[in-house]
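Hi,

Here is the structure I promised to pass on. Have a look at it first, and my notes follow below.

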Amino acid sequence: MVTSRRTSKNAADDQPRNWTFLTNHAHVLLCLAQGDSLTARELSIRIGITERSVQAILADLIADDYLEKTKVGRRNLYAVNPSGRLRHPLESAHTVGELIDALS
């Protein structure tokens with residue numbers, strides 16, 4: 001007989017947990033690394049998060065030099081900095097470029 005490790009009777013606990021291995025910050029970087037000129041709205045649709053969340057993530061990535069933003073007409077173009085180091089101590093020996101290469 002197979003038993004579940006979760007024993008709570010809460011209805012919310014009966015729902016499957018929805019998670020992924022990568023953060024939304026990584027999703028934004030990976031989408032932009034493909035070379036497409038995407039708007040925040042287009043990124044939000046691809047990733048499945050709000051446009052406001054994408055804008056906050058873009059601001060984080062620009063502030064920490066993972067992205068460079070260039071204004072062309074009314075559009076923003078983003079270039080990924082492949083030499084940026086991953087932030088968590090377990091991955092800090094690796095670069096954003098290595099992550100993109102591994103997942104592309």
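Before the hairpin, one term: I call two strands paired if DSSP finds at least two bridges between them. Keep in mind too that this is a predicted model.

With that settled, the strands. β1 covers residues 67-72 and β2 covers residues 75-80; the two run antiparallel and are joined by six bridges. At the turn end, Val72 has Arg75 in β2 as its bridge partner. Two residues sit between the strands of this hairpin, and Gly73 in the turn has a positive phi of about 65°.

Now the overall picture. The protein has four helices and two strands, and along the sequence they come in the pattern α-α-α-β-β-α. Of the 104 residues, 24% are buried. The exposed surface comes to about 8100 Å², with carbon and sulfur atoms supplying 51% of it. If you take contacts between residues at least 6 apart in sequence, 28% of them join residues at least 24 apart.

The helix I spent most time on is α1, residues 24-33. Its buried residues are Ala26, Val28, Leu29, Leu30, Cys31 and Leu32. What do they pack against? The list is α2 (40-47), α3 (51-63), β1, β2 and α4 (96-103). So the buried part of α1 meets both strands of the hairpin as well as helices α2, α3 and α4, given that contact means heavy atoms within 4.5 Å. After α1 comes Gly35, which has a positive phi near 90°.

The pairing of α1 with α2 deserves its own paragraph. Their axes are 10 Å apart and the helices pack at an angle of about 115°, in a right-handed crossing. On the α1 side the contact involves Asn24, His27, Val28, Cys31 and Leu32, and on the α2 side Leu43, Arg46 and Ile47. By class, that gives five nonpolar, two polar and one charged residues. Val28, Cys31 and Leu32 are also among the buried residues of α1.

One last spot to check is Asp65, in the loop between α3 and β1. Its phi is positive, near 65°, and it is not a glycine. Most residues other than glycine have a negative phi. Is Asp65 buried or exposed? Asp65 counts as exposed because its relative accessibility is 53%, and the cut-off for exposed is over 50%.

Cheers

Terms used
Residues numbered from 1 in each chain as written. Predicted model: local features only at pLDDT ≥ 70, side-chain atom pairs only at ≥ 80, totals over all residues. Heavy atoms only, no water. Buried < 20%, exposed > 50% of the residue type's maximum accessible area, 1.4 Å probe, protein only. Axes fitted to C-alpha atoms, helices over the stretch in contact; angles between N-to-C directions. Left-handed = near helix turned anticlockwise from the far one by under 90°. Nonpolar A, V, L, I, M, F, W, Y, C, P; charged D, E, K, R; others polar. Areas by Shrake-Rupley, 256 points an atom, 1.4 Å probe, with all protein chains shown as cover.
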